[in-house]
Amino acid sequence: MRISILGSRGFADNRLVSATMEDFICETQCYLFTVVCGNTEKKLSESIGKIWAENNGAPIEYIFDRNIDKLIQKMVDNIDFAILFYDGKDAIIRKIIMKMKMNGKHGKVIKIGGK
């Protein structure tokens with residue numbers, strides 16, 4: 001299984017990510033998966049997905065594209081499931097959610113911030 005772990009800009013709650021991933025693994029009984037990370041620059045940024053994968057020994061695959069819309073499409077095309085930490089405002093996470101729906105992909109959205 002190929003998953004992506006993404007968060008709204010500025011999200012860095014590694015404890016919540018770890019707890020969510022533990023729940024995901026227990027719910028799905030899926031222990032073997034690759035974490036897919038994307039970026040508009042050919043650099044390895046410290047994304048929440050990358051950090052979690054490195055801390056837990058999961059393989060990481062990178063997808064790059066300078067055009068954010070093409071990057072989103074490539075990400076959606078190359079994952080089976082997404083775990084999204086969404087503040088209700090981040091336009092990129094919203095685009096990913098909509099693109100996943102349009103492509104019949106599944107995921108879990110965790111609302112962060114606010115009430």
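**Entry 1: helix H3**

What covers the buried residues of H3? Before answering, I note that I am working with a predicted model. I looked up the cover and found that it includes S1, S2, strand S3 (60-64) and H4. I then listed the buried residues of H3, which are Leu71, Ile72, Met75 and Val76. These residues lie on the same side of H3, because they cover an arc of only 130 degrees around the axis. At the N-terminal end of H3 I found a cap formed by Asn67, with a side-chain oxygen 2.9 Å from the backbone nitrogen of Asp69.

**Entry 2: helix H4**

I next checked the length of helix H4, which runs over residues 91-102. Its twelve residues should span 16 Å at 1.5 Å a residue, and I read 16 Å between the end C-alpha atoms, so the two values agree. I recorded Ile93, Ile96, Ile97 and Met100 as buried in H4. They cover an arc of only 100 degrees around the axis, which means that they sit on the same side of H4.

Against what do the buried residues of H4 pack? I found strand S1 (2-7), helix H3 (68-78), strand S4 (81-86) and strand S5 (106-111). I also inspected the two ends of the helix. At the start of H4, Asp90 brings a side-chain oxygen to within 2.9 Å of the backbone nitrogen of Ile92. Just after H4, I noted a positive phi of about 70 degrees at Gly104.

**Entry 3: Lys105**

I located Lys105 in the loop between H4 and S5. Is Lys105 buried, exposed or partly exposed? Its relative accessible area is 25%, so I entered Lys105 as partly exposed. Leaving aside neighbours within four places in sequence, I found Lys105 in contact with Val76, Asp77, Ile79 and Met100. Val76 is 29 residues from Lys105 along the chain, yet I read a separation of 7.6 Å between their C-alpha atoms. I also found that the side chain of Lys105 reaches the backbone oxygen of Ile79 at 2.6 Å.

**Entry 4: aromatic rings**

How many aromatic pairs does the structure hold? I counted five. I examined the pair of Phe33 and Trp52, whose ring centres are 5.9 Å apart. Their planes stand at 20 degrees, and planes under 30 degrees apart count as stacked, so I recorded the pair as stacked. The pair links distant parts of the chain, with the two positions 19 residues apart. I placed Phe33 in the loop between helix H1 (14-28) and strand S2 (34-39), and Trp52 in helix H2 (residues 48-56). Both Phe33 and Trp52 are buried. I also traced a cluster in which ring pairs link Phe24, Phe33, Trp52 and Phe81.

I then listed what Phe33 touches, not counting residues up to four places away in sequence. The list is Met1, Ile3, Met21, Phe24, Ile25, Trp52, Ala58 and Pro59.

**Entry 5: nonpolar cores**

Which residues have the most contacts inside the largest nonpolar core? I found Ile5, Met21, Phe33, Val35, Trp52 and Phe85, in a core of 20 residues. The elements that give two or more residues to this core are S1, H1, S2, H2 and S4. Of these, I noted that H1 gives the most, with four residues. I also recorded a second, separate core of 15 residues, which includes Ile63, Leu71, Tyr86 and Met100. Two of these names return from my earlier entries: Leu71 is among the buried residues of H3, and Met100 is one of those buried in H4.

Conventions
Residues numbered from 1 in each chain as written. Predicted model: local features only at pLDDT ≥ 70, side-chain atom pairs only at ≥ 80, totals over all residues. Heavy atoms only, no water. Expected span 1.5 Å × (residues − 1). Buried < 20%, exposed > 50% of the residue type's maximum accessible area, 1.4 Å probe, protein only. Arc of directions from axis to C-beta. Contact = heavy atoms within 4.5 Å. Polar contact = N/O pair within 3.5 Å; in protein donor to acceptor, adjacent residues only side chain to side chain. Phe/Tyr/Trp six-rings, centres within 6.5 Å; stacked < 30°, edge-to-face > 60°. Core = buried A, V, L, I, M, F, W, Y, C linked by side-chain atoms within 4.5 Å.
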